[in-house]
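Please open the model in a viewer and keep the selection tool at hand. The tour below proceeds stop by stop, naming what to select and what is found there.

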Amino acid sequence: MVTKAADEKYCSECGAVIKAKAEICPKCGVRQLASPASLNLGPTTANGKSRIAAALFAFFLGGLGGHKFYLGQIEIGIAYLLFCCTFIPAIVAFIEFIL
């Protein structure tokens with residue numbers, strides 16, 4: 001088995017060791033897809049969700065718990081839905097949007 005250095009990766013098609021920045025494998029000629037780690041999509045939460053999307057959900061759908069459902073906190077999202085008529089979740093969501 002061939003080991004790779006820190007600046008190398010394995011080809012997604014043939015498994016050959018190639019440079020990490022290579023767009024095309026020199027052995028098989030297949031274009032390499034960008035890894036998710038190399039894509040900079042902005043700051044993320046602990047579970048990998050976009051903080052910007054979570055903030056927008058909190059602003060527009062916060063009173064209904066939209067941001068909680070997006071972040072995977074289903075139980076808290078259901079609590080927001082149950083108490084949405086009191087407007088307390090909307091106030092809390094606005095504070096979470098600011099934070």
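Select E96 in this predicted model; with a relative accessibility of 27%, E96 counts as partly exposed. Add K68 to the selection: the side chains of E96 and K68 form a salt bridge, at 3.3 Å from N to O. Because E96 belongs to helix 4 and K68 to helix 2, this pair ties together parts that are 28 residues apart in sequence.

Is K68 buried or exposed? Its relative accessible area is 11%, so K68 is buried. Display the neighbours of K68 next, leaving aside residues up to four places away in sequence: the contacts are Q73, I74, I76, G77, Y80 and E96.

**The largest pocket**

Keep E96 and K68 selected, since both are among the residues that line the largest pocket. Extend the selection to the rest of the lining, which comprises T45, R51, A54, A55, A58, H67, L71, F97, I98 and L99. Helix 1 (51-61), helix 2 (66-70) and helix 4 (88-98) are the elements that give two or more residues to this lining. Which element supplies the largest share? Helix 1 does, with four residues. Colouring the lining by residue class shows seven nonpolar, two polar and three charged residues. The space in the largest pocket amounts to about 210 Å³.

**The other salt bridges**

How many salt bridges does the structure hold? There are three, and the pair of E96 and K68 is one of them.

For another, select D7 and K19, whose closest N and O atoms are 3.4 Å apart. D7 is in the segment before strand 1 (8-10), while K19 is in strand 2 (residues 17-19), so this salt bridge ties together parts that are twelve residues apart in sequence. With a relative accessibility of 41%, D7 is partly exposed; K19, at 49%, is likewise classed as partly exposed.

Move then to E23 and R31, which form a salt bridge with the closest N and O atoms 3.5 Å apart. E23 is exposed, its relative accessible area being 54%. R31 also counts as exposed, at 53% relative accessibility.

**A backbone stop at F87**

Select F87, in the loop between helix 3 (74-82) and helix 4. Inspect the backbone here: F87 has a positive phi of about 65°, although it is not a glycine. The residue is exposed, with a relative accessible area of 57%.

**The cysteines**

Finally, select C28 and C11. How many disulfides does the structure hold? The number is zero. C28 takes part in no disulfide, and the nearest cysteine sulfur, that of C11, is 3.6 Å away. A disulfide requires the two sulfur atoms to lie within 2.5 Å, and the distance from C28 to C11 is 3.6 Å. C28 counts as partly exposed, at 35% relative accessibility.

The last selection is C85 together with C84. C85 is in no disulfide either; the sulfur of C84, the nearest from a cysteine, is 5.7 Å away. C85 is exposed, with a relative accessible area of 61%.

Notes: Residues numbered from 1 in each chain as written. Predicted model: local features only at pLDDT ≥ 70, side-chain atom pairs only at ≥ 80, totals over all residues. Heavy atoms only, no water. 1 Å grid on protein atoms, 1.4 Å probe; cavity = no way out; pocket = protein on both sides within 12 Å on 5 of 7 lines; lining within 4 Å. Points joined across faces, edges and corners; volume = space filled by probe spheres on them. Nonpolar A, V, L, I, M, F, W, Y, C, P; charged D, E, K, R; others polar. Buried < 20%, exposed > 50% of the residue type's maximum accessible area, 1.4 Å probe, protein only. Contact = heavy atoms within 4.5 Å. Salt bridge = Lys/Arg side-chain N within 4 Å of Asp/Glu carboxyl O.
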